[in-house]
Every structure is written in structure tokens, then in C-alpha cells.
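Got your viewer open? Here is a short tour, one selection at a time.

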Amino acid sequence: MADDAQPVASSPSAPEPAGFPQSVAEVREALGRVGYLADEPAALVAYLAQRLGKPILVEGPAGVGKTELAKALSRATGRQLIRLQCYEGLDEAKALYEWNYRKQLLRIQAESADPSTPPGGSAGPDRQTGGDPRSPDPWADIFSEEFLLTRPLLQAIAATEPAVLLIDEIDKTDQEFEAMLLEVLSEFQISIPELGVITARTHPIVVLTSNNSRELTEALKRRCLYLWLDYPEVEREMEIVRLHSPEIDEQLARRLVEVVHMIRQLDLKKPPSIAESIDWARALLLLGADDLDRSVFERTMSIIVKHRSDLDVVAERVGLKLGEPSLGAEAAG
Ligand SMILES: Nc1ncnc2c1ncn2[C@@H]1O[C@H](COP(=O)(O)OP(=O)(O)O)[C@@H](O)[C@H]1O
Ligand SMILES: [Mg+2]
């Protein structure tokens, strides 16, 4: 059946559309224009990934902009975003494709109810001659594209327009899934026994993210460009916060980020991430707080610290410091 079937995308790889970035700076600017402030290493990897056609593996703590990097790349390049959210137990049927059994069954029932089909015609896989000209062989018919449910990996491979493929939180899957993925990422093709081999027409930009909850295999790492995203420096985090909350006063933004950095130094279960800094800034704006004194801090710290035991540590260590003149001079005044 595989020989005479029409693959979803069979044409030889068409040349990539023009518009590859010419420099790291260009990538950084393009990302900046769509609201992603990349540091040098992130811009470099994003540039190389596009030029070398290699997947990016981004690791780092939660909330530092791993997922957003892929989304921003999609916005910056005008490519559609195809996202595969990983979870424990994710299998090929949800990642690659599966057959639409319900629809196949309905078609078989319809065929056997159709009086123009010769008796016994659609009850077995033997090829028919004559009969209904629309579907000489219902068994071949039900393994066609019409009955295929495409999942993100196949969508990205079969896409006719260039795409960004985000494989988010790959560390949540098991090694078996990783091995399957490796095959897709090295060949950029997917073999469907009933249909044939589907080869990528356009090379997607692939971004894999991991929260580092388990060590990924060497084989996967070897195939990817590696980017470790960490909490940013004060200056860049301030820029990010102000990008998301343009109305915030610069002094307040700086103070907020400095306090967040101070909290990250403590030994916490879950240190606050960029996402929390952004939320905190928004909350302070809404509450009309123009400074971060001890009382504002104590009222709002649950926005950035979300574990019971962490709250105690932070209240004691940071709350106290905010009362000190070195950090709380304006607050005290
Ligand atoms: N460099 C950045 N520029 C702009 N926004 C950022 C940046 N890094 C993170 N963010 C913001 O921080 C939040 C969390 O980012 P996200 O990508 O979801 O984190 P992760 O996937 O690493 O857990 C998002 O709202 C995102 O917009
Ligand atoms: Mg994420």
C-alpha cells in the first residue's frame, strides 16, 4: 500500500525562503522588536540555529523565558508556531499522528450499507474491481490523509509554510520518547507505514525546552545547539520588567528587581523568576505603591514567593533588611 499512496509532502526540499538573518545583532534586534530582550548567548544560538538548521535545546529554571524565546522567534520570523507540550506518558499517537478510527468505522459502515457496493465487497481487505468508481478499495481509502489526525511533529514536518516547532518541557517525557524524537530531528522525515515517508518541505526552526528535572540523553544534546538560560542581570531584568509594565517608575523597577535578586540568593524551594518580577511590578502599579517599603513588601510578597516555608524565610531575612536605612532610606522617610 505504501508504494502507490500519496505522501503528504513529497516534493524535494524547496530552497528556504530568503530572509535568513545576516548577523547575531540582527537576530537580537528582531527579537527586541517583538518584545523579547535576548542576551548575547541567546541571540547567538538563535542566529546559529537558523543558519545551521540545527535544533536549539534551552535549559534553565522555570520562568526565565525559555518558552517565550520560541514564541518570539515565531513572531520575529513570521513563521507559524507549532507547539508540542510534553507531559509524562506522552506517546507517538499524540506527538506524531494517529488514525481517526471513528471516521474510518463510519466510512466502512457507509460502504457496506451502500447498495451499489457488490455483496461482500467491503467486508474484507481484498482489492475489488468494478463496483463503485469513487472507492474501488475502501480499505486503501480509509488509510488516506483524509483519515489521518496529524499531531504537532507531523504538522511541522508536513507544513508547507516555514514554521517554528516548540517542543516544550521535553524533560517530562521518558527516554523512549526522546529516542523517537531524535529520529524525527535527524532525518526531518516521518514514516507512516500505510502512506509512505513524509519528508519536510521547509526546515522548521526547532526549539526544545527543559526545566532540567532530569538529565537528557547525550544523543539528543549532541544533535542540538545548547543554551543555558539563567536569571538575568539586574539591568536586563529591569528592562524586561519595564517592557511589560511601561508605566512603572524606573526607581521602583530597580528596587523591585534588586529585592528579587536578594531573594534569589536565599536558599528557597522555588526562587522567584522573571515571570514573578513582572507580576509583582503589575501588582504594585495596581495598588498604587510608589515605593517598596517593608509594609508594601509584606503585603505583596506572596506574589513572588509561593511556598509556605519560603515565605517564612523571606519575611524574616528580607523584610528586616527593607527596614534598614541602607535599603529603605526613602521608605523610612
Ligand atoms: N528575555 C525576555 N524578554 C521579555 N520577556 C521575557 C524574557 N524572558 C522572560 N520573559 C517573560 O517572562 C515570562 C516567563 O517566561 P516563560 O518563557 O514562560 O518561562 P519558561 O518557559 O522559562 O518557564 C513570560 O511572561 C515572558 O514574556
Ligand atoms: Mg515554559
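We start with the whole chain, move to the ligand, then look at a helix and a hairpin.

Before you click, some ground rules: this is a predicted model, where local features need pLDDT of at least 70 and side-chain atom pairs count only at pLDDT 80 or more, while totals for chains, interfaces and linings use all residues. Residues are numbered from 1 along each chain as its sequence is written, and chains are lettered from A and ligands numbered from 1 in the order in which they are written.

**Whole protein.** Colour by secondary structure and you should find 15 helices and nine strands (DSSP runs numbered from the N terminus: H or I of at least four residues for helices, E of at least two for strands). Of the 333 residues, 29% are buried, meaning that 20 or more other C-beta atoms lie within 10 Å of their own; exposed is 12 or fewer, partly exposed is in between, and C-beta atoms are placed from the backbone.

**Ligand 1.** Select the 17 residues around it; the nearest are Gly65, Lys66, Thr67, Glu68 and Ala275 (near: C-beta, placed from the backbone, within 6 Å). Helices H3 (66-77), H10 (234-244) and H12 (274-286) each supply at least two residues of that shell. Now colour domain 1 (24-93 + 159-228) and domain 3 (234-321): ligand 1 lies between them, because both give residues to its shell. Those bounds come from an automatic or database domain assignment.

**Helix H10.** Which residues of H10 are buried? Pick Glu237, Met238, Ile240 and Val241. They cover an arc of only 160° around the axis, so they sit on the same side of H10; the arc is that of the directions from the helix axis to the C-beta atoms. Show helix H11 (250-265) and H12 next, as both are among what covers these buried residues (contact: C-beta atoms, placed from the backbone, within 7 Å).

**The S6–S7 hairpin.** Jump to strand S6 (189-192), which runs antiparallel to S7 and is joined to it by four bridges; strands pair if DSSP finds at least two bridges between them. The hairpin connection takes three residues, and Ser191 stands opposite Val197 in S7.

**Arg201.** Carry on past S7 (196-199) into the loop before strand S8 (205-210), and you reach Arg201. Buried or exposed, or in between? Arg201 is partly exposed, because 19 other C-beta atoms lie within 10 Å. Finish with a C-alpha to C-alpha distance: Ala159 is 42 residues from Arg201 in sequence but 7.1 Å away in space.

Notes:
Two residues are in contact if their C-beta atoms, placed from the backbone, lie within 7 Å.
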